[in-house]
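Colleague: I'm new to this one, and I'd like to learn how to read its features step by step. Can we start with the empty spaces inside?

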Amino acid sequence: MSLRLSTVILPYRRWHDGGRSSWTRAEQLGFHTAYTYDHLSWRTFRDGPWFGAVPTLTAAASVTDRIRLGTLVTSPNFRHPVTLAKELISLDDISGGRITLGIGAGGTGFDATALGQEPWSPRERADRFAEFVPLLDRLLTEDSVTHEGTYYSAVEARTIPGCVQRPRLPFAVAATGPRGLRLAARYGQAWVTTGDPKLFENGTPEQSVQALRGQIERLAAACAEAGRDVAELDKILLTGFTPDRDRPLTSLDAFVDFAGRHRELGFTEIVLHWPIPDSEFAADEKVFEQIATEAPAQLR
């Protein structure tokens, strides 16, 4: 099975000062999908420029023709299913059906408190996610939805005409815990992971591979419980958060070795961060472009 190569472009540059060129160049390089983070701000970028995901993807859709576009990932931290569904349907229409929604339970970063609320506990995040995803699924597949939930409600919410992609745009569900994996198995067209965060600081690449193998095994068990073949789901690895860190981007050979080991685990898509100078995502742009253009042929 060939391995798809995608990129994630952080929305930190003004559109007319380098922002646009990254998206058009991603299409020229042949990436399968160009994603962006859906945050209000993020980590070390908090005190610098940071733009909204949906307007950025709308602009990207207007200057590209073939590349898929999406979020990695959207979460309930500051989103509501009703308003998000309307934005996604609009974005899917503008892009001509090229949108993938990466979606996760969220975390404890800046997004978790920017609206004035206290950070949710892990249990509450899981509870909200378990309500958010099914409601969003309904909103994207039904013309009118009424739902009264613990956290989210909809009253005759109209989502006409629905998505260009049928029955709706695909969900790429980010999850490693049992409840999230069950959501991925039931509602996902893809599953997303960044690896085991406990291994990032002191783990080894070998330990990371073992942890990822365990995650895929648990995903397979969740799919079996849902009466679904795990092979139906694309398996996406967002790089940069495993003990390998930036090593896969140091050379074409280093990346092909890294990607090959993860393809053997069952991954169907590898996502690379677009290089950002003077950041944790700094990389040689020439090597990055060489990987984009030459690695796919070696990974077929």
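Modeller: Sure. A cavity is a set of grid points where a 1.4 Å probe fits but cannot get out. Keep in mind that this is a predicted model.

Colleague: Okay, how many cavities of 30 Å³ or more does a search of the whole structure find?

Modeller: One. The space in that largest cavity comes to about 30 Å³.

Colleague: Which residues line the largest cavity?

Modeller: Look for Asp-38, Val-54, Leu-57, Thr-71, Thr-74, Arg-79, Leu-84, Leu-88, Leu-91 and Leu-101. The elements giving two or more residues to this lining are α2 (53–63), β3 and α3 (81–95). Helix α3 has the largest share, with three residues. Sorted by class, the lining of the largest cavity has six nonpolar, two polar and two charged residues.

Colleague: Now pockets. What volume does the largest pocket have?

Modeller: A pocket, unlike a cavity, is an open set of points. Here the largest pocket holds about 1500 Å³ of space. It has 44 lining residues, and Ala-105, Gly-106, Gly-107, Ala-174 and Thr-194 are the closest to its centre.

Colleague: Which element gives the most to that lining?

Modeller: Helix α4 does, with six residues. At least two residues each come from β3 (68–74), α4 (122–141), α5 (178–187), β8 (190–193) and α6 (205–225). As for chemistry, the lining of the largest pocket divides into 19 nonpolar, 16 polar and nine charged residues.

Colleague: And what lines the second largest pocket?

Modeller: That pocket has a volume of about 220 Å³. Among its lining residues are Phe-200, Arg-245, Asp-246, His-273 and Glu-280. By class, the lining of the second largest pocket has six nonpolar, three polar and three charged residues.

Colleague: Let's move to the strands. In what order do the eight strands close into a barrel?

Modeller: The general idea is that strands of a sheet pair through backbone hydrogen bonds, either parallel or antiparallel. In this model, eight strands close into a barrel in the order β1-β2-β3-β4-β7-β8-β9-β10, and the pairing is parallel. From one strand to the next, the twist averages 25°.

Colleague: How many bridges join β1 to β2?

Modeller: Two, and these strands run parallel. To find one partner pair, start at Thr-7 and go to Ala-34 in β2. Then try strand β7 (residues 171–174): three bridges join β7 to β8, again running parallel. There, Ala-172 has Ala-190 of β8 as its bridge partner.

Colleague: Are the residues on the two faces of strand β2 buried or exposed?

Modeller: Buried counts as under 20% relative accessible area. In β2 (residues 33–36), Thr-33 and Tyr-35 on one side are buried, and so are Ala-34 and Thr-36 on the other, which leaves both faces covered.

Colleague: Last topic: how many salt bridges does the structure hold?

Modeller: In general, side chains of opposite charge can pair when their charged atoms come close. This structure holds 15 salt bridges. A good one to start with joins the side chains of Asp-234 and Arg-4, at 2.9 Å from N to O.

Colleague: What does the pair of Asp-234 and Arg-4 tie together?

Modeller: Asp-234 lies in strand β9 (residues 234–238) and Arg-4 in strand β1 (residues 4–8), so the pair ties together parts that are 230 residues apart in sequence. Both are partly exposed: Asp-234 has a relative accessible area of 28%, and Arg-4 is at 25%.

Colleague: Which two side chains meet in a salt bridge at 3.2 Å?

Modeller: Those of Arg-79 and Glu-87, N to O. Arg-79 counts as buried at 17% relative accessibility, whereas Glu-87 is partly exposed at 32%. You've met Arg-79 already, as one of the residues lining the largest cavity.

Colleague: And what is the distance between Glu-156 and Arg-158 in their salt bridge?

Modeller: That one is 4.0 Å, N to O. Arg-158 is partly exposed, at 44% relative accessibility.

Colleague: Which residues do salt bridges with shared partners join into one network?

Modeller: Arg-4, Asp-234 and Glu-269.

Note on methods:
Residues numbered from 1 in each chain as written. Predicted model: local features only at pLDDT ≥ 70, side-chain atom pairs only at ≥ 80, totals over all residues. Heavy atoms only, no water. Helix = DSSP H or I, 4+ residues; strand = E, 2+ residues; numbered from the N terminus. Buried < 20%, exposed > 50% of the residue type's maximum accessible area, 1.4 Å probe, protein only. 1 Å grid on protein atoms, 1.4 Å probe; cavity = no way out; pocket = protein on both sides within 12 Å on 5 of 7 lines; lining within 4 Å. Points joined across faces, edges and corners; volume = space filled by probe spheres on them. Nonpolar A, V, L, I, M, F, W, Y, C, P; charged D, E, K, R; others polar. Pairing = 2+ DSSP bridges. Axes fitted to C-alpha atoms, helices over the stretch in contact; angles between N-to-C directions.
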